[in-house]
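Student: I should like a close look at one part of this protein, namely the way its helices pack against one another. Please set that packing in the context of the rest of the chain.

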Amino acid sequence: MNLTIQTNVTVAVAENHLEFNMRVKFCSHSLTQIIKHEKVSVNPAWLYMQKWYELHGKNPNVKWLLPGIVLLDPMDVVIDKIVQEQPDILGLGLYVWNFDLQYHIAREVKKQLPNIIIICGGPQLSVHKETETDNQVDFFINHPYIDYVVYGDGEKPFQQIIDYHSGLLSNKDEFINIIENANGLRKIYPHETLTDELYLSQSPYVSQEAHMVEVRDHLAAHGIPFKYQYWAIEFARGCMYSCTFCDWSQNLTKKVKRRTHNWKHDIDLFYRLNVAIRETDANFGQWPDDIKAFDYAISLYDPSRSFSFIVNNTPKLKKDVTEYIITQNSLVYDVPPVINLQDADEDVLKAIDRPAVPWEAIVKMTNNLRNNLPPEKFRKTELQCIVGLPGQTVDSLINSYVKFFELGLLRATWANWSFLPNSPAADPGYQKFWGLDIKEVYFSFEDRVVPDLELLYSELSSGTNLSDKFYKVPMVVGHKTMKMLDLWTAQILEKKWNELIGRVNLVEKYNSSQVRNILGKLKIKAIKEATAQYNMHQPHIDKHGIVVWGHYHTESKLIYKGL
Ligand code: B12
Ligand code: SF4
């Protein structure tokens, strides 16, 4: 019996190899599932690569294997499954949250399939950079299992590499956006921004519906039902601004390129697929057509189905459009209104080169939201900010909380500043000016027992594979106006504030000077707690040069997910 199955499998693989002389696997690998978020974002890069290849590729016998969207299994299983699929080319997308895991996959797959061509692309790679501080000269010495790195737009270079290794491109003279591993040295090919009108005039989705159904059903069969699948959709690529913490388009261009095909066909397709969509755009709503697409999606919305189009990234300087989108998101889709601010302090906003929006415009928008939304929806409004930005202090954050309170808003989320190697802040002059302290920070996927903190630091820093338990993010953990202890204080203050607003209705009971007093008291408690934690972690941080971002409870030996 076993023998028969074995024989059939072998025959099937052999037939595939005859039919398809190039088997290509593309993995963007989101971590969302491991972190147990309910929503899983489906990165569309695989569809864009395939669509470009359909238009410009030379090999008619490419077999596109099922893309890796989410890490659905433990790492060894993920690797085994890729090896069993026997790809000729493996493309891996590297982001700040997964780069280490992607390197691990590449290394292990190459060991087992030595002839495979491994290509890495995505925003977390800066191998094309040639500044003296970037440490990229040795990239291929450190990562000998990678054959090519792609920077910037990936569609054309990916096609070129497939064609070259299919024997259908005689040389590499026309290569763009590629860095080749030339026996450990970097061979850097020129940069080009994608401007191909044919590609931009065609839907990247419509001709690939069958493959999308396959991926959707695969995710559903692996515990991600349709309603938790958020498929990313692109209307325009690029951002005209240069906020220093951000690396939109890997900072290679500030030009915005709009897709020109009829978006209605895309929306209809996602409606048929019955999955939610989200934009990949930086400033969705900048163009009147965006609003038409948003409204069209709303016209199709049926709360009993999984399709929706909740927009997150609104145009920075068009507050009327932002207000419209936030209002509709809340009224139609019943999600909390979200205002993306980064900070309320003008000096901080200047230090991060944020496009200037006068505070009065935020006040006006908030007043309109208050007037147009039912009170229970308005109360849920959330201000999205970043903690650890240059110019911030614990007191400046308290000022921001008070400013938010004066708007009638209590809920603020402060994301950490993930350090992105292609962001303007990566400039050595900027780093030096602000004294940025950048470290590899480890987050645990869940609260877990750690008998010995030193052992944990030592295992993580020596590269012991704990990737199913911890993930790593390079982060700004301090700078000249906010040291690491202040940053920890700020995060604990946030936690205490959230506990408080969950219990007490501050807006009804207090005025702003009373709220400032309350925050002052929370700050004293936060400093005490942060100092105790910091003192415990600091010797290990100093010894190993990394940080474990979790509150450690000495009695229970539990390390918590956050501070
Ligand atoms: C959707 C999205 C999310 C979702 C889902 C993320 C996820 N885990 O999957 C949510 C909202 C959860 C999210 C959160 C965060 N995100 Co986000 N997010 C995006 C967004 C808007 C769209 C991603 C996408 O689908 N892009 C579309 C594809 C086609 O573009 P692409 O991925 O860049 O791929 C192109 C090229 O890079 C290249 N390419 C990519 N991979 C490969 C592979 C190969 C082999 C080749 C040849 C080429 C290639 O070719 C593609 C086509 O040209 C991007 C911005 C953007 N427009 O890309 C930010 C972005 C990816 N996020 C970013 C960041 C920083 C974050 C956060 C860390 C923010 C924070 N501090 O909390 C968190 C981390 C979340 C986590 N731990 O998972 C950064 C990442 C930068 C980096 N160096 O990695 C981006 C670029 C935005 C930015 N500049 O700030 N994010
Ligand atoms: S944060 Fe937003 S506005 Fe600023 S550069 Fe990035 S995408 Fe553009």
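Tutor: The account below begins with the helix contacts and then turns to the ligand shells and the domains.

The model is a predicted one. Two packed helices are described by the angle between their axes and the distance between the axes. Helix 18, residues 484-503, is a convenient place to begin, as its packing against helix 15 and against helix 20 can be described in turn.

Helix 15 covers residues 394-406, and its axis lies 9 Å from that of helix 18, at an angle of about 25°. Angles under 35 degrees count as roughly parallel, and helix 15 and helix 18 are therefore roughly parallel to each other. The crossing of helix 15 with helix 18 is right-handed. Helix 15 contributes Val-394, Leu-397 and Tyr-401 to the contact, while helix 18 contributes Asp-486, Thr-489, Ala-490, Leu-493 and Trp-497. Sorted by class, this contact comprises six nonpolar residues, one polar and one charged.

Against helix 20, which spans residues 512-544, helix 18 packs at an angle of about 125°, with the two axes 8 Å apart. Helix 18 and helix 20 are therefore oblique to each other. This crossing, too, is right-handed. On the side of helix 18, the contact is formed by Met-484, Leu-485, Trp-488, Thr-489, Ile-492, Leu-493, Lys-496 and Trp-497. Helix 20 supplies Leu-522, Lys-523, Lys-525, Ala-526, Ile-527, Glu-529, Ala-530, Thr-531, Gln-533 and Tyr-534. The classes of the residues in this contact are eleven nonpolar, three polar and four charged. Thr-489, Leu-493 and Trp-497 of helix 18 take part in the contact with helix 15 and also in the contact with helix 20.

A further helix pair is formed by helix 2, residues 45-56, and helix 6, residues 155-165. Their axes come within 9 Å and cross at roughly 60°; helix 2 and helix 6 are therefore oblique to each other. The crossing of helix 2 and helix 6 is right-handed. Tyr-48, Met-49, Trp-52, Tyr-53 and His-56 of helix 2 meet Glu-155, Lys-156, Phe-158, Gln-159 and Ile-162 of helix 6. In terms of class, six of the contact residues are nonpolar, two polar and two charged.

Helix 2 and helix 6 also appear in the surroundings of ligand 1. This ligand is surrounded by 35 residues, of which the closest are Ser-41, Gly-91, Gly-93, Gly-121 and Gly-154. Helix 2, helix 6, strand 5 (89-93), strand 6 (117-121) and strand 16 (411-416) each give two or more residues to the shell. That shell divides into 19 nonpolar, 13 polar and three charged residues.

Around ligand 2 lie Cys-239, Tyr-241, Ser-242, Cys-243, Cys-246, Trp-248, Ala-282 and Lys-316. Six of these count as nonpolar, one as polar and one as charged.

The domain division places these parts along the chain: domain 1 runs over 22-191, domain 2 over 225-335 and domain 3 over 337-563. The centres of domain 2 and domain 3 are 27 Å apart. Between these two domains, 18 residues of domain 2 are in contact with 24 residues of domain 3. The side of domain 2 that touches domain 3 consists of six nonpolar, eight polar and four charged residues.

Methods:
Residues are numbered from 1 along each chain as its sequence is written. Chains are lettered from A and ligands numbered from 1 in the order in which they are written. This is a predicted model: local features need pLDDT of at least 70, side-chain atom pairs count only at pLDDT 80 or more; totals for chains, interfaces and linings use all residues. Domain bounds come from an automatic or database domain assignment. Two residues are in contact if their C-beta atoms, placed from the backbone, lie within 7 Å. Ala, Val, Leu, Ile, Met, Phe, Trp, Tyr, Cys and Pro count as nonpolar, Asp, Glu, Lys and Arg as charged, and the others, Gly among them, as polar. A residue is near a molecule or strand if its C-beta atom, placed from the backbone, lies within 6 Å of it. Axes are lines fitted to C-alpha atoms, for helices over the stretch in contact, and angles run from 0 to 180 degrees between N-to-C directions. Helices (H or I, at least four residues) and strands (E, at least two) are DSSP runs, numbered from the N terminus. Angles under 35 degrees count as roughly parallel, over 145 as roughly antiparallel, 65 to 115 as roughly perpendicular and the rest as oblique. A crossing is left-handed if the near helix is turned anticlockwise from the far one by less than a right angle, and right-handed if clockwise.
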